[in-house]
Amino acid sequence: MRGQVEKYLLNKIQKDGAIHFALLDPEEFSSEPAAKTAREVELCGTAAVMVGGSTIVSTPHLDVIVKAIKKAVKIPVILFPNNITGISRYADAIWFMSLLNSSDPYFIAGVQVLGAPIIRKYGLETIPLGYVTVGEGGTVSVVGRACPIPHDKPELAVAHALAAQYFGMRFVYLEGGSGVKQPVPNTMIRMVKGAINIPLIVGGGIRTVEQARNLVGAGADAVVTGTITEEEGNLRDKIGAIVACVKSGSTKY
Ligand code: 1GP
């Protein structure tokens, strides 16, 4: 059954054509700056705050950050967990995700089995997500023992995305890796989007309005930015411009 947060995301994609997620890595923030950043991205029109990072080990710190963000914003706070340490009782929902191109069963289904009873205990809304790393792959591919899909093999991305859909997962995330030089290529997005009928999230290496526009133009239903949210500078200018172009850049609906 779809929960409130998922329904909200689907409605927003339907209404705006495409949406933006701001990703905050708890390891890069203390609670006050995290709350301030979340407030600013909310004002920019981001759909939700995602909280997670590839190397989180301290759940108590994660709890502090999630609580601070929850207090600061009205938009949903969705966990983007790297492991069972990435689960906080204070969030609204959790991407219940499987790293489909991992070679380690732990990241495909093992950690999910360990986390499921805790998620139930906390009453977190789960949103099933097929997660696939591509290109350089980033830290997440190293930590998750994944073999990232080469940029020039879009048909492999299509196969993974279709498998996610056939498993019953309700979103697919093509992950280029945080801070990578090149976001997921447009051709890959176009081919994946053409093959599936669940929403497609794209992230990793997105720094400019131009990049976001291209990704949405190619078919991304949601774009995630993390690194630029952590950098110095006027967030309203950077994120605000990307959110605006994500909305207007979509021609899908
Ligand atoms: C990482 O896709 C996200 O999981 C965000 O990447 O930090 O490069 O924006 P960036």
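**Exercise 1. What volume does the largest cavity have, and which residues line it?**

A note before we start: this is a predicted model, where local features need pLDDT of at least 70, side-chain atom pairs count only at pLDDT 80 or more, and totals for chains, interfaces and linings use all residues. Residues are numbered from 1 along each chain as its sequence is written, and side-chain values use heavy atoms, leaving out hydrogens and water.

Step 1. The largest cavity has a volume of about 40 Å³. A cavity here is a set of points on a 1 Å grid over the protein atoms alone where a 1.4 Å probe fits but cannot get out; lining residues have an atom within 4 Å of a point.

Step 2. Its lining consists of Lys12, Asp16, Ala18, Ile19, His20, Gly45, Ala47, Val243, Val246 and Lys247.

Step 3. α1 (4-16), β1 (19-24) and α10 (235-249) each give two or more residues to this lining; α10 gives the most, with three. Helices (H or I, at least four residues) and strands (E, at least two) are DSSP runs.

**Exercise 2. Find the polar contacts of the ligand with Ser178, Gly179 and Gly226.**

Step 1. A polar contact is a pair of N or O atoms within 3.5 Å.

Step 2. Ser178 places a polar side-chain atom 2.6 Å from a ligand oxygen atom. For Gly179, a polar backbone atom is 2.7 Å from an oxygen atom of the ligand. In Gly226, a backbone N or O atom lies 2.7 Å from an oxygen atom of the ligand.

Step 3. The protein covers 95% of the 300 Å² of accessible area (Shrake-Rupley method, 1.4 Å probe) that the ligand has on its own.

Methods: 1 Å grid on protein atoms, 1.4 Å probe; cavity = no way out; pocket = protein on both sides within 12 Å on 5 of 7 lines; lining within 4 Å. Points joined across faces, edges and corners; volume = space filled by probe spheres on them. Polar contact = N/O pair within 3.5 Å; in protein donor to acceptor, adjacent residues only side chain to side chain.
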